[in-house]
Amino acid sequence: MEMPNYPIGKQSFADIRQNGYLYIDKTAFIPLLLKNGSFKFLSRPRRFGKSLLISTLEAYFTNKRDLFKGLAIDRMQPEPWQEYTVLHFDFSGHNYNQAKILNHSLKSKLSEYEHSLGINPDEDDDISLRFHRIVRTSYERTGRGVVILIDEYDNPITSAIDNPELQDELRKILYGFYSSFKSLDQYIHFCILTGVTKYGKMSVFSGLNNLKDISFLDKFAGICGITEAELLENLNPGVEELAKKLNVTTNEAYNRLKVHYDGYHFSEGLIDIYNPFSIINALSDSKILNYWAATGTPTMLIKLLKAHDFDISKLNGAEASLDELGNIYGPQINPKALFYQTGYLTIKSYDPEYQSYFLSFPNLEVERTFMDNLLEIYTEENTNPIAKEIPRALRRGDVKSVIALLKSFLSGIPFDLRKRVAKYENYYHTILYAIFSLIGTEVAAEYHTARGSIDMIIRTNDYIYILELKVNGTAEEAIAQIREKGYAEPFATDPRKTILIGLGFSKDSNTITSDKVEPEI
């Protein structure tokens with residue numbers, strides 16, 4: 001069995017095709033991109049193949065047909081291909097901590113295209129005018145519209161997300177650049193912008209009022225990432241090798257890959273998409289590790305939650321409209337949209353009647369890594385000991401040990417961290433939710449019943465734990481609420497044993513001050 005040559009870190013279509021790397025054929029999407037308007041926008045999380053898509057389009061439009069032999073587009077378009085001038089702008093790879101860096105980057109790229117077209121540049125002209133001259137000159141010489149490919153368009157703005165003043169300066173520069181597109185429509189054959197986030201209400205796109213957002217369309221759901229069918233067709237040798245290394249069946253290896261790396265949905269059709277970066281690395285190494293999450297910690301996202309006293313358990317399972325998910329505005333950031341677009345949440349279900357999307361963590365890799373980072377920022381504590389001991393205690397029904405471990409962990413949170421917390425209940429809920437999620441238990445926060453919301457439900461093979469928290473209250477009050485509102489009633493027919501846990505917290509001592517455990521009879 002010959003193993004594929006995995007394209008680890010490869011984003012160049014030409015490099016992959018010329019040097020025998022594995023390429024999962026996405027070229028059938030090209031004709032779809034060219035239909036229904038010339039201006040497209042695609043949002044996908046980082047390391048999902050956006051740069052490879054742009055590189056593929058550049059090879060196609062510059063008529064590098066030899067690279068496409070045997071691929072779908074070669075069969076779909078047997079006639080001779082046209083060659084176009086391609087203007088490719090890549091905004092990744094720079095730290096835009098000053099506005100002049102973005103200015104310099106744009107001007108340098110414009111100079112490159114001016115030189116290739118023999119245009120005598122006027123450095124005093126603004127970016128918009130220079131870009132306009134490049135497009136017009138190319139059209140006049142070739143008789144064909146230009147192709148504009150813009151990769152990671154949002155990187156400058158996102159890099160300054162915690163600096164509104166700088167972000168506004170960067171926004172104005174980009175607006176000046178994109179505003180020139182409006183008057184060039186007749187000279188542009190095709191244009192696509194890719195990015196992680198969409199700042200649709202920041203006037204960045206004002207010059208592109210005919211921009212078609214394809215990010216949520218079913219027919220483009222698989223344009224980046226790896227579908228189930230593509231996994232089975234292209235990666236089976238690697239899965240079989242992984243199964244040998246793990247000493248499991250091939251089916252079990254597929255199941256483990258699915259749990260760790262699948263689960264992304266980008267449209268209401270809920271087409272399953274695997275994280276391409278993670279699964280390629282996992283098969284290359286024959287190991288299941290946290291690859292995607294390890295390449296970029298969600299520090300900024302977690303600090304945003306903490307600053308707004310947002311309970312993460314309310315984010316997981318949140319309801320959102322298409323408009324909410326599709327737009328982010330800097331000073332008024334919507335956490336649901338930001339977490340969705342950056343890949344830490346994904347669509348898990350869709351309600352067509354109300355056109356509502358329901359969100360959740362896509363897979364185990366994302367959830368566990370996120371929770372680990374969250375606890376590190378919220379508590380500055382090492383979670384390894386409790387991550388091993390608490391699940392063992394929960395599985396055997398040893399609630400006393402669980403509470404003792406939690407007391408020890410919470411009391412170790414530095415005072416200077418907790419003294420700045422405005423909403424202690426959210427703070428504690430978030431910490432406990434993260435702990436139980438991290439250790440691999442089945443957790444539901446704010447579980448809704450006919451008579452109220454349970455703070456937390458924890459399920460194991462043999463037990464259902466109903467947990468109620470009272471900040472600056474008592475465990476007895478927590479148990480009384482569970483009984484008064486009948487929180488155990490929905491689980492009456494479940495064969496597992498139901499255990500009620502009441503916990504009282506004190507913001508002064510920063511730990512559990514009272515606890516009460518009652519078997520449900």
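These exercises work through a sheet, a helix pair, a pocket and a cavity.

The model is predicted: local features need pLDDT of at least 70, side-chain atom pairs count only at pLDDT 80 or more, and totals for chains, interfaces and linings use all residues. Residues are numbered from 1 along each chain as its sequence is written, and side-chain values use heavy atoms, with hydrogens and water left out.

**Exercise 1. Find the strand order of the three-stranded open sheet, and its edges.**

Step 1. Take strands as DSSP runs of E, at least two residues; helices are runs of H or I, at least four, and both are numbered from the N terminus. Two strands pair if DSSP finds at least two bridges between them.

Step 2. Read the order: β8-β10-β9, with antiparallel pairing.

Step 3. Find the edges. β8 (319-321) and β9 (346-351) each have a single partner strand, so one side of each lacks a neighbour in the sheet.

Step 4. Check one pair. Three bridges join β8 to β10 (residues 356-360). Ser 321 has Ser 356 of β10 as its bridge partner.

**Exercise 2. Classify the crossing of α5 and α6 by angle and hand.**

Step 1. Fit axes to C-alpha atoms, for helices over the stretch in contact; angles run from 0 to 180 degrees between N-to-C directions.

Step 2. Take the values. The axes of α5 (residues 99-116) and α6 (residues 127-142) come within 10 Å and cross at roughly 25°.

Step 3. Apply the class. α5 is therefore roughly parallel to α6 (angles under 35 degrees count as such).

Step 4. Assign the hand. The crossing is left-handed, a term for a near helix turned anticlockwise from the far one by less than a right angle.

**Exercise 3. Describe the largest pocket and the largest cavity by volume and lining.**

Step 1. Set the rules. On a 1 Å grid over the protein atoms alone, a cavity is a set of points where a 1.4 Å probe fits but cannot get out; a pocket is an open set with protein on both sides within 12 Å along at least five of seven lines; lining residues have an atom within 4 Å of a point. Volume is the space filled by probe spheres set on the points, which are joined across faces, edges and corners.

Step 2. Take the pocket. The largest holds about 1,300 Å³. Its lining has 47 residues, with Arg 46, Arg 47, Phe 48, Lys 50 and Glu 152 nearest the centre. Helix α3 gives the most, five residues.

Step 3. Take the cavities. Three reach 30 Å³ or more. The largest holds about 80 Å³. Of its 13 lining residues, Ser 43, Ser 215, Phe 216, Tyr 340 and Gln 341 are closest to the centre.

Conventions
Parallel < 35°, antiparallel > 145°, perpendicular 65-115°, else oblique.
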